Amino acid sequence: MTNEELQQWTEQLSKDRFQKPFRHTITFNRRLRTTGGRYLLHSHNIEMNPKQLEHFGIEEFEKIILHELCHYHLHIEGKGYQHKDASFKQLLNQVGGSRYCNLVPGTYKPLVYKYFYQCVKCNQTYRRKRQMDINRYVCGRCKGKLKKS
């Protein structure tokens, strides 16, 4: 699918589901990794993750577009457009958009902890990716000394 086809499809979805025109631009952005799409507040444009379309199909991708269109239309109307707002949740249910998108395989790296510290007093353990100077820090729970474990 090209950006032009995506633009036409989104304009049609906006007319059909919201009964309002989409007057800005929607494009693919290959740099998006953990999100399905994003609505840009200042330009009112929408960027979509093409990997969502490739991995999960057209139905799931349409739900993500509807999600972003909810942000778009509510923001333009001056209503609550954030995920936490009741107006956003209500409109999302009305049009059939998805609240969350699926995680594309291979985009998430698990945290790798190399350093482990333990409090001498209360035995609280701390996992760290980066090494820390145990002479400068104390336990956050009881203020005891830390040791490498």
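Which residue of strand 6 does Gln118 stand opposite? Hold that thought while we walk through the structure, which is a predicted model.

## The sheet with strands 4, 5 and 6

Back to the opening puzzle: Gln118 faces Lys147 in strand 6. That pair belongs to a bigger pattern, since strand 4 and strand 6 (residues 146-148) run antiparallel and are joined by three bridges. Strand 4 (residues 115-119) also teams up with strand 5 (residues 125-128), again antiparallel, this time through four bridges. Look there for Tyr117, whose bridge partner in strand 5 is Tyr126, and for Phe116, which stands opposite Arg127.

Put together, the three strands make an open sheet in the order 5-4-6, with antiparallel pairing. Strand 5 and strand 6 are at the edges and have a single partner strand each, so one side of each has no neighbour in the sheet. On average, neighbouring strands here are turned by 30° against each other, if you ignore direction. As for what holds such things together, strands of a sheet pair through backbone hydrogen bonds, either parallel or antiparallel.

## Getting from strand to strand

Strand 4 and strand 5 form a hairpin, with five residues between them. In the turn, Asn123 has a positive phi of about 65°.

The loop between strand 5 and strand 6 contains Lys143. Lys143 isn't a glycine, yet its phi is positive too, at about 70°. With a relative accessibility of 60%, Lys143 counts as exposed.

## The sheet with strands 1, 2 and 3

Now find the other open sheet of three strands, in the order 1-3-2 and with mixed pairing. Strand 1 and strand 2 take the edges here, each with a single partner strand, so one side of each is left without a neighbour in the sheet. The average turn between neighbouring strands of this sheet is 15°, direction ignored.

Strand 2 and strand 3 run antiparallel, joined by three bridges, and Gly37 stands opposite Met48 in strand 3. Helix 1 packs on this sheet, where it touches strand 1 and strand 3. The direction of helix 1 makes about 140° with that of strand 1. Also worth a look is His44, in the loop between strand 2 (37-39) and strand 3. His44 has a positive phi, near 65°, despite being a residue other than glycine.

## What's packed inside

How many residues does the largest nonpolar core have? It has 23, and those with the most contacts inside it are Leu6, Ile46, Met48, Phe61, Ile65 and Leu69. Two or more residues each come from helix 1 (3-18), strand 1 (26-28), strand 3 (46-48), helix 2 (50-77) and helix 3 (86-95). Helix 2 gives the largest share, nine residues. As a rule of thumb, nonpolar side chains tend to be buried together in soluble globular proteins.

For a close-up, try Ile46. Beyond its neighbours within four places in sequence, Ile46 is in contact with Phe22, Thr25, Ile26, Thr27, Arg38, Tyr39, Glu68, Leu69 and Tyr72. Apart from the largest core lies another one, of five residues, including Tyr117, Cys119, Cys139 and Leu146.

## Helix 3 and its two sides

Which residues of helix 3 are buried? They are Phe88, Leu91, Leu92 and Val95. These four cover an arc of only 105° around the axis, which means they sit on the same side of helix 3. The spacing idea behind this is handy: an α-helix has 3.6 residues a turn, so residues three or four places apart point the same way.

On the other side of helix 3 you'll find Ala86, Gln90, Asn93 and Gln94, which are exposed. The cover over the buried residues of helix 3 includes helix 1 and helix 2. Just after helix 3 comes Gly96, with a positive phi of about 85°.

## Cysteines without a bond

How many disulfides does the structure hold? Zero. Take Cys70, which is in no disulfide. Its nearest cysteine sulfur belongs to Cys101, 15 Å away. Why no bond for Cys101? Because the closest cysteine sulfur, in Cys70, is 15 Å off, which is too far for a bond.

The surroundings of these two can be described as well: Cys70 is buried, with a relative accessible area of 0%, whereas Cys101 is partly exposed, at 27%.

Note on methods: Residues are numbered from 1 along each chain as its sequence is written. This is a predicted model: local features need pLDDT of at least 70, side-chain atom pairs count only at pLDDT 80 or more; totals for chains, interfaces and linings use all residues. Side-chain values use heavy atoms; hydrogens and water are left out. A nonpolar core is a set of buried Ala, Val, Leu, Ile, Met, Phe, Trp, Tyr and Cys residues joined through side-chain atoms within 4.5 Å. Buried means under 20% relative accessible area, exposed over 50%, partly exposed in between (1.4 Å probe, protein chains only). Contact means heavy atoms within 4.5 Å. A disulfide is a pair of cysteine sulfur atoms within 2.5 Å. The arc is that of the directions from the helix axis to the C-beta atoms. Two strands pair if DSSP finds at least two bridges between them. Axes are lines fitted to C-alpha atoms, for helices over the stretch in contact, and angles run from 0 to 180 degrees between N-to-C directions.
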